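Q: Please take a close look at a single part of this structure, and then set that part beside others in the chain. A formal account suited to a first-year student would be welcome.

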Amino acid sequence: MAWWWEQAMVVAVAAAAGGGGGAVVSICVFTAVLCVCLVVGHLLEENKWVNESITALLIGLVVGAVIFLLSEGKNSRILRFDEQLFFIYVLPPIIFNAGFQVKKKQFFHNFLTIMSFGIFGVFISVAIVSSGCYWFFPKIGFGDLDAVDYLALGTIFSSTDTVCTLQVISQDETPRLYSLVFGEGVVNDATSVVLFNAIKNLDVSQLKGGVALKVISDFLYLFFTSTVLGVTIGLSTAYALKALYFGRHSTDREVALMALMAYLSYMLAEFVDLSGIMTVFFCGIVMSHYAWHNVTESSRIATRHIFATLSFIAETFIFLYVGMDALDIDKWKTSETSFKTSLVIFGIIISLVLLGRAAFVFPLSIMSNYMSRSSERTPITFKHQVVIWWAGLMRGAVSIALAYNQFTFSGVTLDPVHATIITSTIIIVFFTTLVFGFLTRPLISAMLPRHRPSTTPGAGAGGGINSPKDDLILPFLSPEDQASGSGSGFLQAKRSISMLLERPVHTVHIYWRKFDDKFMRPIFGGPMDHDRANYS
């Protein structure tokens, strides 16, 4: 077995260097390594310290070391990274599945908090990381970066990877915490990419005092237009599935249409210079809310598993490649930075990441608790705030892709400063994933000890969000209720305005649910209000 593996690696190294038909060999070996990751991840499923991301990263590092030795220090990877490959083929299934699998009820109940973390938090973190790098790098003799590069560094190191934490948090015991971590992670990635694209469009020669407004305006334009495009394509897919009833002839066509329309939303957004990541995320939410209910039962099961599987493979692929690419000798040779300076750069970036994360998690959590003090939602406790802060410290695939996009050309750079940024990014991803990832499970076990769920009605975590009494608390009466003499219209309006001021998100949710049942679902499909408990 060892002999076969060594021969396969030798052939893969030769193929990577030569190209042509050897690409088939490289892909075969890479696929085999992916399978090894799946098997090892399964065997370590119950391990206290290791998760899927760490497993893929370490296996990639081992494979990279083997290739490095067999190629006599000339190569360390089977495939060459291309940021276009990442953004066009690898990222879409990850983001779409995040939107498709999101628990919509929890997500929208915590919508304002998630958006404040995922949008305002990114801007705060980018400001701190960018200004910190701009201030400290020249002081240690590391410069030759322009304003756009510093802003790009802020977005690169503000993009989070919450996979490690989500694998540990119990969604049943702490549904609000899980929703906040999951939702913020997805919105954070989307915001980082949108902001990164807005920054790349800046003209360095014309940077003036209004540059901040220009970045924000470009960001808002990309954010909202991309969201509208994703919602539109999602609704179009739902209407086509409902009106044409594909399932009467072939369930395969249903699944294929959903998958292709999701991918079309991403590519169409990229074609018109919008944010594909934001478009495909909201397309996934809309498809799961409407289109998923218009297909047969077998197609529902198939879509859930197919989209989740593609996302899982894509995530494993990224961490496996990062592990192999860490030993790429070309980048380390190109970088002329001394070991001491590299260590200082690493310390500066890690410190700024920690500070930038804390600068918005704790203040925005306190603000969220203050805004929801009159509602029944469970406040974000200090322990939960620490978990949210910790969950966003890991850096992963998006950080790597943005760094390659800004500082390399097709994965290659001849600029020593840019090579140092790439190697520093790889080190940051390794350090945060391995060290913080190793400590995640013990930390959360200490901060959130598991307990048996309470059997008392309405006593679940989340403040009884799923309780039927929510509709009794909010006195929004239908015209039929008003006609039956259930109170004067003036008093009802007064109470409605009062509840809107006290519980704005929940109030908007109630109004949206009534509008959804009356106008949207009859056209685009989905269960009515009395059936929603089965799908929330």
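A: Two residues are said to be in contact, or to touch, when heavy atoms of one lie within 4.5 Å of heavy atoms of the other. With that term in hand, the close look can begin at Ser-226. The model is a predicted one, and Ser-226 has its place in helix H10, which spans residues 211-244. Leaving out residues up to four places away in sequence, Ser-226 touches Tyr-221, Leu-274, Ser-275, Met-278 and Thr-279. One of these partners also takes part in a polar contact: a polar atom of the side chain of Ser-226 lies 2.8 Å from the backbone nitrogen of Ser-275. Ser-226 has a relative accessible area of 0% and therefore counts as buried, the cut-off for that term being under 20%.

A contrast is found at Asp-273. This residue sits in the loop between helix H11 (251-271) and helix H12 (276-289). With a relative accessibility of 62%, Asp-273 counts as exposed, because that term applies over 50%. The backbone of Asp-273 also deserves attention: its phi is positive, at about 65°, although the residue is not a glycine.

The wider setting may now be described. The chain contains 22 helices and zero strands. Of its 536 residues, 53% are buried. Among contacts between residues at least 6 apart in sequence, 81% join residues at least 24 apart.

Thr-433 illustrates a pairing across the sequence. Thr-433 belongs to helix H18, and its C-alpha atom is separated by 6.5 Å from that of Ile-54, although the two residues are 379 residues apart along the chain. When neighbours within four places in sequence are set aside, Thr-433 is in contact with Ser-53, Ile-54, Leu-57, Phe-319, Met-394, Arg-395 and Phe-438. The side chain of Thr-433 also reaches the backbone oxygen of Arg-395 at 3.3 Å. The relative accessibility of Thr-433 is 1%, so this residue counts as buried.

Helix H18 itself covers residues 416-447 and packs with helix H15, residues 339-371, at an angle of about 55°, the two axes being 10 Å apart. H15 is therefore oblique to H18. The crossing of H15 with H18 is right-handed. On the side of H15, the contact is made by Ile-345, Phe-346, Ile-349, Ile-350 and Leu-354, while H18 contributes Thr-420, Ser-424, Ile-427, Ile-428, Phe-431, Thr-432 and Phe-436. Sorted by class, this contact has nine nonpolar residues, three polar residues and no charged residues.

Helix H16, residues 382-391, contains Gln-385. Apart from residues up to four places away in sequence, Gln-385 touches Val-361, Phe-362, Ser-365, Asn-369 and Ile-380. A polar atom of the Gln-385 side chain lies 3.0 Å from the backbone oxygen of Ile-380. Gln-385 has a relative accessible area of 7% and is therefore buried.

Helix H17, residues 397-407, is mostly covered, since eleven of its eleven residues are buried under the 20% cut-off. Among them are Ile-400, Leu-402, Tyr-404 and Phe-407, along with Asn-405 and Gln-406. Ala-397 is also found in helix H17. It is buried, because its relative accessible area is 15%, which is under 20%. Ala-397 touches Phe-86 and Ile-318, not counting residues up to four places away in sequence. Its C-alpha atom is separated by 8.9 Å from that of Thr-160, a residue 237 residues away along the chain.

H17 also packs with helix H7, residues 147-156: the angle is about 165° and the axes lie 9 Å apart. H7 is therefore roughly antiparallel to H17. H7 passes H17 in a right-handed crossing. In this packing, Val-148, Asp-149, Ala-152, Leu-153, Thr-155 and Ile-156 of H7 meet Ser-399, Leu-402, Ala-403, Gln-406 and Phe-407 of H17. By class, the contact of H7 with H17 has seven nonpolar, three polar and one charged residues.

To return to the starting point, Ser-226 is buried at 0% relative accessible area, whereas Asp-273 is exposed at 62%.

How values were computed. Residues are numbered from 1 along each chain as its sequence is written. This is a predicted model: local features need pLDDT of at least 70, side-chain atom pairs count only at pLDDT 80 or more; totals for chains, interfaces and linings use all residues. Side-chain values use heavy atoms; hydrogens and water are left out. Buried means under 20% relative accessible area, exposed over 50%, partly exposed in between (1.4 Å probe, protein chains only). Helices (H or I, at least four residues) and strands (E, at least two) are DSSP runs, numbered from the N terminus. Axes are lines fitted to C-alpha atoms, for helices over the stretch in contact, and angles run from 0 to 180 degrees between N-to-C directions. Angles under 35 degrees count as roughly parallel, over 145 as roughly antiparallel, 65 to 115 as roughly perpendicular and the rest as oblique. A crossing is left-handed if the near helix is turned anticlockwise from the far one by less than a right angle, and right-handed if clockwise. Ala, Val, Leu, Ile, Met, Phe, Trp, Tyr, Cys and Pro count as nonpolar, Asp, Glu, Lys and Arg as charged, and the others, Gly among them, as polar. A polar contact is a pair of N or O atoms within 3.5 Å; within protein, one must be able to donate a hydrogen and the other to accept it, and residues adjacent in sequence count only if both atoms are side-chain atoms.
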